[in-house]
Amino acid sequence: MRKALLRVAGTIGENAHAGLVYERYAPEKEHDAGSWDDWLRRLEQHPEPDDYADAFKRWEDALRQSYTATFTARAESRLLVGHGNASPTEVGLTLHHTWGVPVVPGSSLKGVLAGYLRAVYGDGAKEERRRLFGVAGEDGGPEQAHAGEVIFHDAQWVPCSRVTGQDRVQSFFARDVLTVHHVGWYGGKAEWPSDYEPPNPVAFLSVRPGGRFLVALSLAPGTEADAQAEDFLAWTARRLDEALRHWGVGGKTAAGYGRLVREGPCAIQPPRRPVRASPALTEFLAWVEARRADRLEQKQVLTAFETEWLSRLVSLSPEARDAGARALRSLVKSPKLEARRAALLARMGTDVEGR
């Protein structure tokens, strides 16, 4: 098993899965400290997966199935979520199962908000807490069972391509250290802590400051989507923003870790209308997949789109045109062709940016 993992994890920095490397493989620390240090150093420089931006966009599109509040939160300090997870470094870290990038579980966001509302707002937010987290209810009790009205999605890492300028974070790990000063006492081998014990520094990785996460909250299925529910969703997003900014999320928040500060406004998006079946759209989506399979040059893709498909797609419904535009953007991603692609999509009458 170790040899198989070595083949997967041996090319850190290229195509290795950061989560697999960090959680399942590590050199033997006791026998080769230099190899351990080199492993941490290379993992600290691990880049974002090449195709992660596409996966993030698909996840973002999937949020449009219900009323959803989203905002981007920037890590003002190091982030350490899941430090109790099993890890060769003895300090765990929650990473995306598929892509290996940092992620903040929705359960963590929900827990932070629950504690924040209880401590800061008290009984003044009793009804809001009931609507947010639900009530189990008891037979003959004063309260009826009530399901929570808000879904807390996992906060996903925002791709580097979404951030411009010098504020872009190329790698998401930062090397950290936790030093245990009373090893014998913590380990139960000494009756009292002693300042004469040798310190035991434990090196591990945390999420680098400056990274961004997309925080998303949606109305739960069965919740009536009216103006009151939309206002409640916006209220929840504001309170969660306060909790992440003042309290933080994850481990070591008392030491300043885990502070996430909102950037930009909080957007409330209604559910996207379903796309009605259209022969032209179905044919175009099949054509896109065929061009993806034969790896047609992207410049030629735009030429064929303009001559063969633009006139057919422009007459479709707005929802169908948006679906076609998303397919074209997923196929033509060259920065050199962005201007031409945007001009064609504008002629088709769709959102040029697609965000």
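**Entry 1: Glu230**

I started with how open Glu230 is in this predicted model. Its relative accessibility is 28%, so Glu230 counts as partly exposed; the partly exposed class sits between the 20% and 50% cut-offs. I found Glu230 in helix 8, which spans residues 227–246. Next I asked which residues Glu230 is in contact with, beyond four places in sequence. They are Tyr67 and Ile268. I also looked up a C-alpha distance: Glu230 and Ser218 are 12 residues apart along the chain, and their C-alpha atoms are separated by 9.6 Å.

**Entry 2: helix 8 and helix 5**

Staying with helix 8, I looked at how helix 5 packs on it. Helix 5 covers residues 106–121, and its axis is 9 Å from that of helix 8, at an angle of about 90 degrees. The two helices are therefore roughly perpendicular to each other. From helix 5, the contact is made by Leu109, Val112, Leu113, Tyr116, Leu117 and Tyr121. Helix 8 brings Trp235, Thr236, Arg239, Leu240, Glu242, Ala243, Leu244 and His246. Sorted by class, I get 10 nonpolar, two polar and two charged residues in this contact.

**Entry 3: the nonpolar cores**

I then turned to the nonpolar cores. The largest one holds 63 residues. Which residues have the most contacts inside it? I noted Trp39, Leu109, Leu132, Phe173, Phe213, Val215 and Leu244. Helix 8 gives the most to this core, with eight residues. Leu109 and Leu244 were already on my list for the contact of helix 5 with helix 8.

I picked Phe173 for a closer look. Leaving out residues up to four places away in sequence, Phe173 touches Ala18, Leu43, Glu44, His46, Leu93, Leu95, Leu205, Ser206 and Arg208. Another core lies apart from the largest one; it has 24 residues, among them Ala280, Leu281, Phe284 and Leu313.

**Entry 4: helix 10 and helix 12**

Leu313 from that other core led me to helix 10, residues 298–313. How do the axes of helix 10 and helix 12 cross? They come within 11 Å and cross at roughly 5 degrees; helix 12 is residues 338–348. Helix 10 and helix 12 are therefore roughly parallel to each other. On the helix 10 side I wrote down Lys299, Leu302, Thr303, Phe305, Glu306, Leu310 and Leu313. They meet Arg340, Arg341, Leu344, Arg347 and Met348 in helix 12. By class, this contact has six nonpolar, one polar and five charged residues.

**Entry 5: helix 4**

Helix 4 runs over residues 52–62, and I checked which of its residues are buried. Tyr52, Ala55, Phe56, Lys57, Trp59, Glu60 and Asp61 are. So what do the buried residues of helix 4 pack against? My note reads strand 4 (155–157), strand 7 (212–219) and helix 11 (318–331).

**Entry 6: Glu197 and Cys266**

Is Glu197 buried or exposed? At 19% relative accessibility, Glu197 counts as buried, because the cut-off is under 20%. Glu197 lies in the loop between helix 7 (183–186) and strand 6 (200–207). With residues up to four places away set aside, Glu197 touches His181, His182, Val183, Gly184 and Trp185.

Cys266 sits in strand 8, residues 260–269. With 30% relative accessibility, Cys266 counts as partly exposed. Outside its neighbours within four places in sequence, Cys266 is in contact with Ala69, Thr70, Phe71 and Ala237. The C-alpha atoms of Cys266 and Ala216 are separated by 9.7 Å, with their positions 50 residues apart along the chain.

**Entry 7: two positive phi values**

I looked up two residues with positive phi that are not glycine. Lys252 has phi near 60 degrees and is found in the loop between helix 8 and strand 8. Its relative accessibility is 33%, so Lys252 counts as partly exposed. Arg295 has a phi of about 55 degrees and belongs to the loop between helix 9 (279–294) and helix 10. At 74% relative accessibility, Arg295 counts as exposed.

**Entry 8: the whole chain**

Last, I stepped back. I noted 12 helices and eight strands. Of the chain's 355 residues, 44% count as buried. Among contacts between residues at least 6 apart in sequence, 73% join residues at least 24 apart. The chain exposes about 19,100 Å², and carbon and sulfur atoms supply 50% of that.

Note on methods
Residues are numbered from 1 along each chain as its sequence is written. This is a predicted model: local features need pLDDT of at least 70, side-chain atom pairs count only at pLDDT 80 or more; totals for chains, interfaces and linings use all residues. Side-chain values use heavy atoms; hydrogens and water are left out. Axes are lines fitted to C-alpha atoms, for helices over the stretch in contact, and angles run from 0 to 180 degrees between N-to-C directions. Helices (H or I, at least four residues) and strands (E, at least two) are DSSP runs, numbered from the N terminus. Angles under 35 degrees count as roughly parallel, over 145 as roughly antiparallel, 65 to 115 as roughly perpendicular and the rest as oblique. Contact means heavy atoms within 4.5 Å. Ala, Val, Leu, Ile, Met, Phe, Trp, Tyr, Cys and Pro count as nonpolar, Asp, Glu, Lys and Arg as charged, and the others, Gly among them, as polar. A nonpolar core is a set of buried Ala, Val, Leu, Ile, Met, Phe, Trp, Tyr and Cys residues joined through side-chain atoms within 4.5 Å. Buried means under 20% relative accessible area, exposed over 50%, partly exposed in between (1.4 Å probe, protein chains only). Accessible areas come from the Shrake-Rupley method with a 1.4 Å probe; for residues, only the protein chains shown count as cover.
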